[in-house]
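Open your viewer, keep the selection box at hand, and follow along stop by stop. Ready to see what there is to find?

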Amino acid sequence: MDFAESDEQQELRRAIGAITDKYGPAYYAERAVAHEPTTELWQDLAAHGFIGINLPERYGGGGAGMTELAMVCEETAAHGCPQLLLLVSSAISGELLTKYGTDAQQREWLPRMASGTKVVFAITEPDAGSNSHRISTTARRSGSDYLLTGTKYYISGVDEAAALIVVARTGRDESTGAARMSLFLVPTDAPGLIKHRLPVGISVPEKQFTLHFDNVRLPAASLIGIEGEGFRHVFDGLNPERITGAAVCVGIGRFAIERGAAYARTRSVWGAPIGRYQGIAHPLAKAKIEVDLAAMMTAKAAWLYEKGLPAGEAANIAKYAAAEAAVAAVDQTIQLHGGNGISAEYGLLPQWGLARLLQIAPVSREMILNYVAQHSLRLPKSY
């Protein structure tokens, strides 16, 4: 693994930063408080080829890899405008459709996604949570169609999306009794799909929804991949989700540290900049170290994924480390700002809110610890 970025990758970072700087952290904070999407930035990034940077060139994408998509996630966040839906649309849905979509699905959706259309992901349910084996949403055959029935919970960005990739039960394994899952592509305007917005206490642009599927009729062509193999397919989308989630957190951490350092260099109360004092300098330096370490693991996870090597452990560790580092970095920057840390003018609380959300979702730090204990340390499964 080469830690030196190519000239093209460095130019990519600069280009993403330049586009994001046209909008800036004040734009993001304003949209976050109003719970309104950052549509202009998203479309600007799409127009320059960055939203679909990981999608195949034959469908209008950039033909690049997870490393480059992670850079898009990191740099938008580092310039004050983290894009949560890159995790679910570009990473999960984009990778699933690229790997398992039919020719017709790819021709219809991948060019649209590269142009900025969002396709979000729906797996979580009220009574399932992290235990995906308890998913109760079902898709049963009705002639040549499927009828989709059930409820999904905390689904991001449904109001911004043209379609969903929904995980549903389609049967049971006769030998083990385990549920067989399948993936379906569902337009967000499908008859029988009912959306209820979930109020959340943090300020982020993206809205959350509860979805009810009331016998939503889907043609057989809506099936993604092989019926009954949905869980195997999903896991190919979860590593990209964790890698890009880690990249967003690294970007948030970088943004917070730079803001904190700039304030500490100029803020003077007793005649010298407050950054002179170790009580300010050391926590900020520690935050910098932790964010940089998380960035290294994120890069490793992206590299492994691109090489087709086992990336689950690295992706989970990257997501854990980056979320922890981002929350600590923003918290420290808020603290060193004193009262200004919670002022709307400084725009730090929306950054903290998203970083704190990413400690919980799309996979909680506790479930990551379970994963590492079970798979890396070979300890007995605890749940």
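Throughout this tour, a residue is buried under 20% relative accessible area, exposed over 50%, and partly exposed in between, using a 1.4 Å probe and protein chains only. This is a predicted model, in which local features need pLDDT of at least 70 and side-chain atom pairs count only at pLDDT 80 or more, while totals for chains, interfaces and linings use all residues. Residues are numbered from 1 along each chain as its sequence is written, and side-chain values use heavy atoms, with hydrogens and water left out.

**Stop 1: an exposed loop residue**

Select S175. With a relative accessible area of 66%, S175 is exposed. You will find S175 in the loop between β4 (161-172) and β5 (179-187); helices (H or I, at least four residues) and strands (E, at least two) are DSSP runs, numbered from the N terminus. Now add R378, which is 203 residues away along the chain: the two C-alpha atoms are separated by 26 Å. R378 sits in the segment after α11 and is exposed too, at 71% relative accessibility. Check its backbone as well, since R378 has a positive phi of about 60° although it is not a glycine.

**Stop 2: the domains**

Colour the chain by domain: domain 1 covers 7-118, domain 2 covers 120-226 and domain 3 covers 231-376. These bounds come from an automatic or database domain assignment. Between the C-alpha centres of domain 1 and domain 2 the distance is 23 Å. Across that pair, 25 residues of domain 1 are in contact with 24 residues of domain 2, where contact means heavy atoms within 4.5 Å.

Next, select residues 228-375. UniProt, in an unreviewed entry, places the feature "domain: Acyl-CoA dehydrogenase/oxidase C-terminal" there. UniProt positions are given in the numbering used here, feature names are shortened, and annotations may be inferred rather than shown by experiment. The span is 77% helix and 0% strand, and its end C-alpha atoms lie 25 Å apart.

**Stop 3: a glutamate and its contacts**

Is E74 buried or exposed? E74 counts as buried, at 12% relative accessibility. Its home is helix α4 (residues 66-78). Leaving aside neighbours within four places in sequence, show R13, A247, V250, G251 and R254, with which E74 is in contact.

**Stop 4: helix α2**

Select residues 24-34, which make up helix α2; here G24, Y27, Y28, A29, R31 and A32 are buried. Among the elements covering these buried residues are α1 (7-21), α3 (39-47) and α10. Just after α2 comes H35, with a positive phi near 55°.

**Stop 5: aromatic pairs**

How many aromatic pairs does the structure hold? There are 5. Rings of Phe, Tyr and Trp (its six-membered ring) pair if their centres lie within 6.5 Å; planes under 30 degrees apart count as stacked, over 60 as edge-to-face and the rest as tilted. Show Y23 and Y27: their ring centres are 5.1 Å apart and the planes stand at 50°, so this pair is tilted. Y23 is partly exposed at 23% relative accessibility, whereas Y27 is buried at 13%.

Move on to Y146 and F184, an edge-to-face pair with 4.8 Å centre to centre and 65° between the planes. Y146 lies in strand β3 (residues 145-156) and F184 in strand β5, so the pair ties together parts that are 38 residues apart in sequence. Y146 is buried at 1% relative accessibility, and F184 is buried at 0%.

For another ring, select W109: R112 lies over its face, 4.3 Å from the ring centre. A charge sits over a ring if NZ of Lys or CZ of Arg is within 6 Å of the ring centre and within 35 degrees of the ring normal.

**Stop 6: a hairpin and backbone details**

Select strand β2 (residues 138-142) along with β3: they pair in the antiparallel sense over 5 bridges. Two strands pair if DSSP finds at least two bridges between them. S142 stands opposite D145 in β3. The hairpin has 2 residues between the strands, and G143 takes a positive phi near 65°.

Staying in β3, pick Y154. Y154 has a positive phi of about 55° although it is not a glycine, and it is partly exposed at 40% relative accessibility.

Finish at A361 and P362, joined by a cis peptide bond with omega about 0°. P362 is in the loop between α10 (349-360) and α11 (365-376).
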